[in-house]
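Open the model in your viewer, with the backbone drawn as a cartoon and side chains available as sticks. The tour goes from one selection to the next.

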Amino acid sequence: MSRRRLYDAGAAVAHSPSLLPLVPAAEARISPYELDNLGVAAGDRVRVRSARGAVEVTARADHTVPRGVLAVDFNVPVPGPDGAWGPGAAALVDTTGPVTEVRLESVG
């Protein structure tokens, strides 16, 4: 599941020094049940992988996300290993199908 945020990495926000701090870092929102099943704690770093690519984000327990579903906001940047901002869910989404299957992996 992916959605847009009011403040994301769009051109208008990215070029506005006053709005840029309002852009949140990407995170993986997951049902607490799924986190327990995977042995991942809220706040842990996880890798979300699809057929198109992979991103590393922080896991967050979210009771509104159904079991078996992972939510990452679209067009919200992900901090890379070098500290630079990289693509968020856009790097994962396969636009040729109605659903993009992803795999969640613990990091470290």
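Select Arg-47 and Glu-105 in this predicted model: Arg-47 stands opposite Glu-105, which belongs to β7. The strands around this pair are β2 and β7 (residues 103–106), antiparallel to one another and joined over four bridges.

Keep Arg-47 selected and add Glu-56. This residue, in β3, also stands opposite Arg-47. Here β2 pairs with β3 (residues 54–61), again in the antiparallel sense, over five bridges. To get from β2 to β3, follow the hairpin of four residues that joins them.

Now show the side chains of β2, residues 45–49. Which of them are buried? Val-46 and Val-48 are, and they point to one face. Arg-45, Arg-47 and Arg-49 point to the other face and are not buried. In a regular strand, side chains alternate between the two faces of the sheet.

Zoom out to the sheet. It is open and has five strands, ordered β4-β1-β3-β2-β7, with mixed pairing. The edges are β4 (70–72) and β7, each of which pairs on one side only. From one strand to the next the twist averages 40°.

Go next to β1 and β4, which run antiparallel and are joined by three bridges. Select Ile-30 to find its bridge partner in β4, Leu-70.

Finish at Arg-29, which lies in β1 (residues 27–30). Is this arginine buried or exposed? Its relative accessible area is 4%, so Arg-29 counts as buried, the cut-off being under 20%. Add Asp-62 to the selection: its side chain and that of Arg-29 make a polar contact at 3.2 Å.

Key. Residues are numbered from 1 along each chain as its sequence is written. This is a predicted model: local features need pLDDT of at least 70, side-chain atom pairs count only at pLDDT 80 or more; totals for chains, interfaces and linings use all residues. Side-chain values use heavy atoms; hydrogens and water are left out. Buried means under 20% relative accessible area, exposed over 50%, partly exposed in between (1.4 Å probe, protein chains only). Helices (H or I, at least four residues) and strands (E, at least two) are DSSP runs, numbered from the N terminus. Two strands pair if DSSP finds at least two bridges between them. A polar contact is a pair of N or O atoms within 3.5 Å; within protein, one must be able to donate a hydrogen and the other to accept it, and residues adjacent in sequence count only if both atoms are side-chain atoms. Axes are lines fitted to C-alpha atoms, for helices over the stretch in contact, and angles run from 0 to 180 degrees between N-to-C directions.
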